[in-house]
Amino acid sequence: MKQFFKKRLFWIVPLCIVLLSFGFVFFQQIEAISKGPAADWSRKIPLGETATSQPPYQYQNNNEHHLVQLVDGRLVTTTLDKNLHIIGQDSIPSPFQKWRSFYYQGDALLYFDNKQIKSGQGDVITDAEEFHPTPNGVVYQHQGDIYSLDPDNFETTKLFTLPKGHTLLPIQKYKEPSSLIFTYRSEGNTLETSLYQLNESTYSNVHNEDMQFEGTEEVSEVSMAYDEDNISVLVQTEKRKFNNLISESHYLSQTKRSNPSFKYEEITLPDPITHDQLEEIRDVHSIYKEDGFHVLFKGYGNTKRSNTSTSSFNVYELSKKDNEVEVGRRSHSYRLVSNPVYINENSIVWNEMTDPRTMYVSSSKKEVIDAAKGYTKDDALIALGNAMSMYSRGVLTISLVTHWFVWPLVFFAILFLFFKRFTDEDKRWVLYAAIGIYMAASFMWKNHFFLPSFERYAPDIFTFTGSSYVLLLFFAVISYLCLQLTSKEWGSALKATYFIGVHITLVVFILGPYVIMF
């Protein structure tokens, strides 16, 4: 057995080196893919399937979080503990098969269908134009009036009359009814806003204000949150450029509840990785935390998806603390994310366009960060696919090194045609001359292989100053050492061919994956 392997070491050793290089590329990919969104935020944790991209209906009970989603015709309630571990999962048949906005707690189930609010048995409770389920009940709009609906006894209470053309902005509060309601109407660059304050069981109008943005801007999204003392409003506008592209602008206003006055200041939302502006901001959701105003949203920014794709949609969080605006990444996903929402101040949930769609959660809690570390099967499959794709492109780089081995072929052709006795006598210098000619050609035409893309995509260990010369010489040393494993019966021409073949194999399979990118 020992002799068996010894006679075959000349091809086993290069094969092992190539396999090790594939392992290196695979490790690179899985490290990049499984990287957390930020140092102080956990990786995503799957919570199960969902039939929609819409956020789950959620509510809290003691220290437990309940997330309800539509899955295969059933309403599935996933219960999480304070560290986001799944501690229970229950389901009931759903009266609707396609997603509808709904309220579901205990035995109470209400849903919105064809401008009607219906019970879990399908009975019509009331007509409505809009339906807003909250953790504390239901708010709906009917014929310009805003009502609250008790899910247990279906009693309705008129809250206030909505100004003409205004839209009710749902405000997510987790432990108590909203003490402040914000409505707005946007037309072109004009934003009309109204505030309503809770007084016992009804709301009264406490403030109205209009705002005009730059003439060519159109208001596209509005988000608002408040605490005991402050109100913050984030407005997104869009402006169509001459080349039909759309640019986004964002304005933030913060004011005191005791004397509200909205003064909007333009802010930027930089990518925390590249510091370029995030694009296509969508699904905005605002809350107040203990340390200030925070906004959760989906945006297009830097994401390591593969060796060539470095941008994707991800979840980001804006925070306004001590007059400083900061943006942090809250997901690092290679699939399309949608509708991120807060579970609480430390945790968020969102859906991803997988097959099937999947709901994920992540958090800033240390216990969750530690629990989410490591690689998943999904990470490994994506990394393996990326590595194989890179290697398939690496094989194509053989066409870039033809100038290197053409000259040794010419050298041997001249010998066979005009100096055949040197090959017949198997002079040692023939081997070294062929190797020297090959190496000289590789140095002379190295730029045919080491393209600018190599500098851009290759890891740092391959891209230092003078790396092309060092790498070619290093692979030449390895090839020469492998040459010593060949049979002594081999002639100089065969040995030179082996050296060149091993050298090209190492260059193509170790460096080639970083050369051709498309």
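# Close-up views of a predicted model

**View 1. Trp 407 and a nonpolar patch on the surface.** Trp 407 is found in helix H5, the helix that runs through residues 402-418. The model shown here and in the other views is predicted. With a relative accessible area of 41%, Trp 407 is partly exposed, and together with Val 406, Val 410 and Ile 414 this residue forms a nonpolar patch on the surface. The accessible area of the four residues, taken together, is about 320 Å².

**View 2. His 503 within helix H10.** Helix H10 covers residues 492-511, and His 503 is found in this helix. From its first C-alpha to its last, H10 reaches 28 Å over 20 residues, which is close to the 28 Å expected at 1.5 Å a residue. The helix is mostly covered, in that 14 of its 20 residues are buried, and His 503 itself counts as buried because its relative accessibility is 0%. When residues up to four places away in sequence are set aside, His 503 touches Tyr 438, Met 439, Leu 472, Phe 475, Ala 476 and Ser 479.

**View 3. Cys 16 and Cys 482, two cysteines without a disulfide.** A search of the whole structure finds zero disulfides. Why is the sulfur of Cys 16 not bonded to that of Cys 482? The cysteine sulfur closest to that of Cys 16 belongs to Cys 482 and lies 10 Å away, which is too far for a bond, given that a disulfide requires the two sulfur atoms to be within 2.5 Å. Seen from the other partner, the closest cysteine sulfur to that of Cys 482 is in Cys 16, again at 10 Å and too far for a bond. As for their surroundings, Cys 16 counts as partly exposed at 39% relative accessibility, whereas Cys 482 is buried, with a relative accessible area of 3%.

**View 4. The salt bridge between Asp 379 and Arg 43.** Side chains of opposite charge can pair when their charged atoms come close. The structure holds 16 salt bridges, and one of them is formed where the side chains of Asp 379 and Arg 43 meet, at 2.7 Å from N to O. This pair links distant parts of the chain, 336 residues apart, with Asp 379 in helix H4 (residues 377-395) and Arg 43 in the loop between helix H2 (9-33) and strand E1 (45-49). Asp 379 counts as buried at 1% relative accessibility, and Arg 43 counts as buried at 13%.

**View 5. The salt bridge between Glu 317 and Arg 330.** The closest N and O atoms of Glu 317 and Arg 330 are 2.9 Å apart, and the two residues form a salt bridge. Glu 317 lies in strand E24 (residues 311-321), while Arg 330 lies in the loop between strand E25 (324-329) and strand E26 (337-342), so the pair ties together parts that are 13 residues apart in sequence. Both Glu 317 and Arg 330 are buried.

**View 6. The salt bridge between Asp 370 and Lys 373, and a network of charged residues.** The side chains of Asp 370 and Lys 373 meet in a salt bridge, with a distance of 3.7 Å from N to O. Asp 370 is partly exposed, with a relative accessible area of 37%, and Lys 373 is exposed, with a relative accessible area of 58%. Elsewhere, Arg 100, Asp 113 and Lys 118 are joined into one network by salt bridges that share partners.

**View 7. Asn 62 and Leu 84, two residues with positive phi.** Neither residue is a glycine, yet phi is positive in both, near 60° for Asn 62 and near 65° for Leu 84. Asn 62 lies in the loop between strand E2 (57-61) and strand E3 (64-71), and Leu 84 lies in the loop between strand E4 (74-80) and strand E5 (86-93). Are these loop residues buried or exposed? Asn 62 counts as exposed, at 72% relative accessibility, whereas Leu 84 is buried, with a relative accessible area of 4%.

**View 8. Ile 87 in strand E5.** Strand E5 contains Ile 87, which is partly exposed, with a relative accessible area of 46%. Leaving out residues up to four places away in sequence, Ile 87 touches Glu 64, Thr 79, Leu 80 and Asp 81. Between the C-alpha atoms of Ile 87 and Glu 290, which are 203 residues apart along the chain, the separation is 28 Å.

Methods: Residues are numbered from 1 along each chain as its sequence is written. This is a predicted model: local features need pLDDT of at least 70, side-chain atom pairs count only at pLDDT 80 or more; totals for chains, interfaces and linings use all residues. Side-chain values use heavy atoms; hydrogens and water are left out. Helices (H or I, at least four residues) and strands (E, at least two) are DSSP runs, numbered from the N terminus. Buried means under 20% relative accessible area, exposed over 50%, partly exposed in between (1.4 Å probe, protein chains only). Contact means heavy atoms within 4.5 Å. Patches are made of residues with over 30% relative accessible area and no salt bridge: like charges are joined within 9 Å, nonpolar side chains (Val, Leu, Ile, Met, Phe, Trp, Tyr) within 5 Å. Accessible areas come from the Shrake-Rupley method with a 1.4 Å probe; for residues, only the protein chains shown count as cover. The expected span of a helix is 1.5 Å times one less than its number of residues.
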